[in-house]
Amino acid sequence: MTDDVAAARAAAEEKSAFSHPPVDPDATAAYGDDPDHVIDLYAPRGGSGPAPVVVVLHGGAWRTPYDRRHVSPFAAFLAHRGFAVASVEYRRGATRADGGDAVAGRWPDTFDDVAAALDALPGLIRELLPAGDPRRIVLTGHSAGGHLALWAAARHLLPVGSPWRTDAPAPLRGVVALAPIADLEVADKLGVCDGAVRELLGGDDHFAERRPHADPALLLPTGIATTLVQGRADIDVPHAVAEAYADAAAKAGEVVGVTLLPDVGHFPLIDPAADACAIVAEEIAQLAW
């Protein structure tokens with residue numbers, strides 16, 4: 001496949017994923033004081049008894065223009081598959097003064113927010129999502145959100161003194177990371193998302209010193225069941241990034257599942273109209289039920 005054909009297919013996949021109207025949640029909970037400190041909650045459709053909770057962390061290169069609304073159709077899709085869903089918002093990089101692309105992420109705010117949201121979530125589920133079972137939580141995220149999902153599951157392995165470190169592993173059934181920016185060093189070398197990885201950590205002056213606090217590939221083994229779902233045709237986050245994370249896990253003595261989907265790019269994983277989205281739901285179900 002030529003570069004032009006690959007780019008055209010990727011553009012068509014992105015257009016399809018973003019063509020669905022946003023789906024309003026059943027409730028929205030605050031986990032802090034900032035306008036971005038919110039979690040959208042979707043009750044499961046059908047079934048009886050408390051359902052597993054899928055926590056969704058959206059992607060968008062950690063940049064401001066992309067918020068949780070673009071994954072709301074995906075969240076609703078999961079709710080119609082019988083899951084309770086919690087879609088987390090977090091602070092992202094500010095818009096540049098020159099009108100160019102927003103900066104990728106805020107340090108340390110983006111990480112502060114994801115940690116705070118996950119810490120608050122069990123109580124919010126009990127209060128506002130009674131159809132969800134806080135004892136059965138699966139964490140998922142797409143692209144930059146996949147990075148954050150893997151990171152959130154590994155907080156017990158952060159360096160001593162890290163403000164986000166926990167004393168024990170998170171009580172998760174597992175993690176299903178979708179086209180995740182899972183290895184920051186490899187992603188940076190590949191120029192993923194136009195240099196977003198280096199920006200996330202504050203640029204050249206801070207990249208090396210902050211990586212141990214932010215790179216999931218350095219935070220292994222987690223002891224938490226983890227699956228990576230990746231399109232082989234992904235040109236936004238090439239599958240080499242996911243494979244690098246899986247290799248690092250293997251060297252740390254942990255087996256990480258990798259599901260590579262042929263002829264699938266970056267966005268079908270969160271597109272309810274795509275077959276890949278149903279495969280994602282099946283991967284989540286294997287860990288959740």
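The following exercises, with worked solutions, concern a predicted model of one protein chain.

**Exercise 1. Overall form**

Determine how the radius of gyration of the protein chain stands against the globule rule.

*Solution.* Begin with the secondary structure: the protein chain holds 9 helices and 8 strands. Next, take the radius of gyration, which is 17 Å, and set it beside the 19 Å that the globule rule gives for 289 residues; the two values are close, so the chain is as compact as a globular protein of that length. The C-alpha atoms fill a box of roughly 50 × 45 × 45 Å along the principal axes. Finally, consider the contacts between residues at least 6 apart in sequence: 76% of them join residues at least 24 apart.

**Exercise 2. Surface and charge**

State what share of the residues is buried, and describe the exposed area and the charged side chains.

*Solution.* Of the 289 residues, 54% count as buried. The protein chain exposes about 11,700 Å², of which carbon and sulfur atoms supply 51%. For the charges, there are 23 positive and 40 negative side chains, and the centres of these two sets lie 4 Å apart.

**Exercise 3. The surroundings of strand β2**

Establish which strands pair with β2, and whether its residues are buried or exposed.

*Solution.* First, identify the partners. Strand β1 (residues 27-30) pairs with β2 in the antiparallel sense over 4 bridges, and Ala29 stands opposite Ile39. Strand β4 (residues 84-88) also pairs with β2 in the antiparallel sense over 4 bridges; here Ile39 stands opposite Val88.

Second, assign the side chains. In a regular strand they alternate between the two faces of the sheet. In β2, Val38, Asp40 and Tyr42 point one way, while Ile39 and Leu41 point the other way.

Third, examine burial, for which the cut-off is under 20% relative accessible area. In β2 (residues 38-42), 5 of the 5 residues are buried, so the strand is largely enclosed by the rest of the structure.

**Exercise 4. Backbone features in loops**

Locate the cis peptide bonds at Pro108 and Pro221, and the positive phi values at Ala61 and Ala179.

*Solution.* Start with the cis bonds. One joins Trp107 and Pro108, with omega about 5°; Pro108 lies in the loop between β4 and α3 (109-128). Another joins Leu220 and Pro221, with omega about -5°, and Pro221 lies in the loop between α7 (207-214) and β7 (226-231).

Then turn to phi. Ala61, in the loop between β3 (51-57) and α2 (72-80), has phi near 60°. Ala179, in the loop between β6 (174-178) and α5 (184-189), has phi near 45°. Both are residues other than glycine. Ala61 is buried, with a relative accessible area of 7%, and Ala179 is buried, with a value of 0%.

Technical notes:
Residues numbered from 1 in each chain as written. Predicted model: local features only at pLDDT ≥ 70, side-chain atom pairs only at ≥ 80, totals over all residues. Heavy atoms only, no water. Helix = DSSP H or I, 4+ residues; strand = E, 2+ residues; numbered from the N terminus. Rg over C-alpha atoms; globule rule 2.2 N^0.38 Å. Buried < 20%, exposed > 50% of the residue type's maximum accessible area, 1.4 Å probe, protein only. Contact = heavy atoms within 4.5 Å. Areas by Shrake-Rupley, 256 points an atom, 1.4 Å probe, with all protein chains shown as cover. Lys, Arg positive; Asp, Glu negative; His and termini not counted. Charge placed at Lys NZ, Arg CZ, Asp CG, Glu CD. Pairing = 2+ DSSP bridges.
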